[in-house]
Amino acid sequence: MTPAPGNDADDGRLVADLLRTVPDFPKPGILFWDLTTVLADAAGLAATTRLLGGSLDGSPVDVVIGIEARGFLLGAAVAQALGLGIVPVRKQGKLPAVAASRSYDLEYGSATLELPAGVLAPRARALLVDDVLATGGTARAACELVEECGASVAALAVVLELPELGGRDRLDGRPLHALLQR
Ligand code: AMP
């Protein structure tokens with residue numbers, strides 16, 4: 001695994017070194033990229049926050065969107081660093097007031113994500129944050145929720161992209177910044 005081009009090499013190397021893989025989770029044959037070892041390390045968390053927050057290339061942003069669940073942890077740190085607020089995109093049934101909901105296909109079955117009502121300003125420019133971009137279904141659904149509410153996607157920032165799963169293609173050209181690529 002190598003730091004993606006354009007990121008600070010030292011921070012990227014630290015994050016890559018701290019990231020842990022767990023084979024056969026959550027089911028046989030899946031290699032799970034576990035961020036807990038990065039988040040638990042003070043320098044690792046700081047480096048990840050710097051890299052995610054610095055991935056905007058000067059694009060203006062008004063709000064951070066954290067995608068459940070590891071996107072909440074990362075997104076809150078990034079929002080704090082950028083002086084912004086954070087809005088969670090949650091799995092169905094967790095939010096008491098819902099502005100929009102979107103279902104998407106998983107490898108087996110489907111899932112639904114929801115955006116809370118009354119917290120995302122129309123025309124807000126959003127930075128979406130998550131840990132891993134795999135097939136891109138989750139990220140695409142989150143982007144569509146933001147757009148359905150009248151806001152726009154300034155960028156999607158993830159710690160790790162798994163390019164062989166084609167997630168980037170499912171974003172239809174929305175800006176993607178991956179700190180690391182497998
Ligand atoms: P996808 O919708 O396929 O892009 O899946 C992305 C979501 O599933 C992210 O929120 C990740 O947290 C999680 N995910 C998918 N594959 C992995 C993996 N191999 N390791 C860790 N997390 C994963």
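Leaving aside its neighbours within four places in sequence, which residues is L120 in contact with? The legends below take up that question and then move on to other close-ups of this predicted model.

**View 1. The surroundings of L120.** Setting aside neighbours within four places in sequence, L120 is in contact with V63, I65, L115, V146, C149 and A151. Two of these partners, I65 and V146, appear again in the next view, together with L120.

**View 2. The largest nonpolar core and a second, separate one.** The largest nonpolar core has 28 residues, and those touching the most other members are I65, L120, L128, V146 and L156. At least two residues of this core come from each of β4 (63-67), β5 (85-91), β6 (98-105), β7 (110-116), β8 (125-133), α5 (137-148), β9 (152-161) and β10 (176-181). Helix α5 gives the largest share, six residues. Look elsewhere for a second, separate core, which has 25 residues, among them A16, A79, V159 and L180. As background for this view, nonpolar side chains in soluble globular proteins tend to be buried together.

**View 3. The ligand and the residues around it.** There are 13 residues around the ligand, and R70, D131, T135, G136 and T138 come nearest. Three polar distances are worth finding here, each ending at an oxygen atom of the ligand. From D131, a side-chain N or O atom is 2.7 Å away from a ligand oxygen. G136 uses its backbone instead, with an N or O atom 2.8 Å from a ligand oxygen. In T138, a polar side-chain atom lies 2.6 Å from an oxygen atom of the ligand. The ligand taken alone exposes 490 Å², of which the protein buries 82%.

**View 4. T112 in strand β7.** Here we zoom in on T112, a residue of strand β7. Its relative accessible area is 13%, so T112 is buried. The side chains of T112 and S103 are joined by a polar contact of 2.7 Å. Apart from neighbours within four places in sequence, T112 is in contact with R90, K91, Q92, S101, R102 and S103.

**View 5. The aromatic pair of F25 and F32.** The count of aromatic pairs comes to one. The ring centres of F25 and F32 are 5.2 Å apart and the ring planes are at 90 degrees, so this pair is edge-to-face. Are the two rings' residues buried or partly exposed? F25 counts as partly exposed because its relative accessibility is 43%, whereas F32, with a relative accessible area of 19%, is buried.

Methods
Residues are numbered from 1 along each chain as its sequence is written. This is a predicted model: local features need pLDDT of at least 70, side-chain atom pairs count only at pLDDT 80 or more; totals for chains, interfaces and linings use all residues. Side-chain values use heavy atoms; hydrogens and water are left out. A nonpolar core is a set of buried Ala, Val, Leu, Ile, Met, Phe, Trp, Tyr and Cys residues joined through side-chain atoms within 4.5 Å. Buried means under 20% relative accessible area, exposed over 50%, partly exposed in between (1.4 Å probe, protein chains only). Helices (H or I, at least four residues) and strands (E, at least two) are DSSP runs, numbered from the N terminus. Contact means heavy atoms within 4.5 Å. A residue is near a molecule or strand if one of its heavy atoms lies within 4 Å of it. A polar contact is a pair of N or O atoms within 3.5 Å; within protein, one must be able to donate a hydrogen and the other to accept it, and residues adjacent in sequence count only if both atoms are side-chain atoms. Accessible areas come from the Shrake-Rupley method with a 1.4 Å probe; for residues, only the protein chains shown count as cover. Rings of Phe, Tyr and Trp (its six-membered ring) pair if their centres lie within 6.5 Å; planes under 30 degrees apart count as stacked, over 60 as edge-to-face and the rest as tilted.
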